[in-house]
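Ready for some practice in reading a protein structure? Keep the model open beside you and work through each exercise before you look at its solution.

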Amino acid sequence: MASVVFENATRIYPGTTKPAVDKLNLTVNDGEFLVLVGPSGCGKSTSLRMLAGLEEIDEGRILIGDRDVTNVAPKDRDIAMVFQSYALYPHMTVAENMGFALKIAGVSKEEREKRVNEAAKLLDLEPYLERKPKALSGGQRQRVAMGRAIVREPQVFLMDEPLSNLDAKLRVATRTQIAALQRRLGITTVYVTHDQVEAMTMGDRVAVLKDGLLQQVDTPRNLYDSPANAFVAGFIGSPAMNLLSAPVSGGKAMLGDLAVDVPGSAGSSVTVGIRPEGFAPASSGFKVLVEVVEELGADAFVYGKPADSSVNFANSTDEGAQVIVRWDPKNPPKPGDTITVTAVAASVHLFNSTTGERLK
């Protein structure tokens, strides 16, 4: 096992001037499960491919353990990768697929069988070892791809959106299996996903990227409670945090009739972030015109627009933006109603309206 270190790692694709990954500084501790997450085009898969040796590094370097692998061939980096597509050989059995890399590496037949059987036991694949991939479900094929990586006993696992081909229910089940398996094996793992729920439920730590730049890396709880900027605040959490642009007057940001204390450095306007559960019903405060009520059994979420025209969404380009409020599922409002809420003081986040950086 080994740690992974990105030192100012930069990738600029030919024909472009803007880096796909820009001076990435990131340390993955020995045995840690680190998730790279962000929207499409943020550089997360490029970062993973740089670590794998599948993309060149234009500046900086990457270390696995104490070894600089920047110019080392992929096959010599002691890593194993699980891709979005399972890439199984259709003419080989499950056992042959799992042991193929070992066969190429000259590992003895006895040792190959031992490692394949151990991995199959870990992944509940023992009944399927003699089957061909076409006789397996998507989830089983995904576990075979995992098994193929495990038998190599690498220093680092790299996983590039391995669950994206599975249906929603199977994804939930499989992500818990992968997280539990990684903790049992203790192998350093870098996992890429665009799904922030997947990131929050699987990672020891989560690194959020945007436009090739690392925005924040922290535990899932700290990302949720203390986002470093408005982008992280809006990206992490489901449903998303409400980000509202509010004018500042006399040290208060005004969301309709709801006054929020702001620091003196806030300027004439501020971005106020409040998660759906951070609102509470009140007799006076911030009024929301209800458009849709999403009833989920244990929870209900109200989606609507600010009733006061002076309150705008922080991201004015997002035409579909809505205020989201968690509500008592036993007493939900109806579309067309106006609800009035206040904000729980401890749940209010403030961001600079120009830079998006955290104020409080």
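Two strands pair if DSSP finds at least two bridges between them. Helices (H or I, at least four residues) and strands (E, at least two) are DSSP runs, numbered from the N terminus. You are looking at a predicted model, in which local features need pLDDT of at least 70 and side-chain atom pairs count only at pLDDT 80 or more, while totals for chains, interfaces and linings use all residues. Residues are numbered from 1 along each chain as its sequence is written, and side-chain values use heavy atoms, with hydrogens and water left out.

**Exercise 1. Find the partners of strand S12 and describe its two faces.**

Step 1. Begin with strand S11 (residues 242-249), which is joined to S12 by two bridges and runs antiparallel to it. Serine 249 has lysine 252 of S12 as its bridge partner.

Step 2. Look at the turn of this hairpin: two residues lie between the strands, and glycine 250 takes a positive phi near 60 degrees.

Step 3. Now go on to strand S13 (residues 258-261), which pairs with S12 in the antiparallel sense over four bridges. Here methionine 254 stands opposite alanine 259. S12 and S13 also form a hairpin with two residues between them, and glycine 256 in the turn has a positive phi of about 65 degrees.

Step 4. Check the side chains along S12 (residues 252-255). Buried means under 20% relative accessible area, exposed over 50%, and partly exposed in between (1.4 Å probe, protein chains only). Ala253 and Leu255 point to one face and are buried, whereas Lys252 and Met254 point to the other face and are not.

**Exercise 2. Trace the open sheet of four strands and find what packs on it.**

Step 1. Write down the order, S2-S1-S4-S5, and note that the pairing is antiparallel.

Step 2. Pick out the edges: strand S2 (21-28) and strand S5 (67-68) each have a single partner strand, so one side of each is left without a neighbour in the sheet.

Step 3. Follow strand S1 (residues 4-11), which five bridges join to S2 in an antiparallel arrangement. In this pair, valine 5 stands opposite threonine 27 in S2.

Step 4. Add helix H1 (residues 44-52), which packs on the sheet and touches S1, S2 and strand S4 (59-64). Contact means heavy atoms within 4.5 Å. The direction of H1 makes about 115 degrees with that of S1. Axes are lines fitted to C-alpha atoms, for helices over the stretch in contact, and angles run from 0 to 180 degrees between N-to-C directions.

**Exercise 3. Work out which face of helix H5 is buried.**

Step 1. Take the length of H5 (residues 168-185): its 18 residues reach 26 Å from the first C-alpha to the last, close to the 26 Å expected at 1.5 Å a residue. The expected span is 1.5 Å times one less than the number of residues.

Step 2. List the buried residues, which are Arg171, Thr174, Arg175, Ile178, Ala179, Leu181 and Gln182. Seen down the axis of H5, they fall within an arc of 165 degrees, so they line one face of the helix. The arc is that of the directions from the helix axis to the C-beta atoms.

Step 3. Turn to the face away from the buried side, where Lys169 and Arg184 are exposed.

Step 4. Find what the buried residues pack against; among these elements are strand S3 (33-37), helix H4 (138-150) and strand S8 (188-193).

Step 5. Inspect both ends. Aspartate 167 caps the N-terminal end, with a side-chain oxygen 3.2 Å from the backbone nitrogen of lysine 169. Just after H5, glycine 186 takes a positive phi of about 70 degrees.

**Exercise 4. Describe the surroundings of isoleucine 274.**

Step 1. Place isoleucine 274 in strand S14 (residues 269-274). Its relative accessibility is 1%, so isoleucine 274 counts as buried.

Step 2. Leave aside neighbours within four places in sequence; isoleucine 274 is then in contact with Met241, Asn242, Leu255, Phe279, Ala343, Ser347 and Val348.

Step 3. Look at the partner strand: five bridges join S14 to S20, and the two run antiparallel. Valine 270 has asparagine 352 in S20 as its bridge partner. In strand S20 (residues 348-352), four of the five residues are buried.

Note on methods. A polar contact is a pair of N or O atoms within 3.5 Å; within protein, one must be able to donate a hydrogen and the other to accept it, and residues adjacent in sequence count only if both atoms are side-chain atoms.
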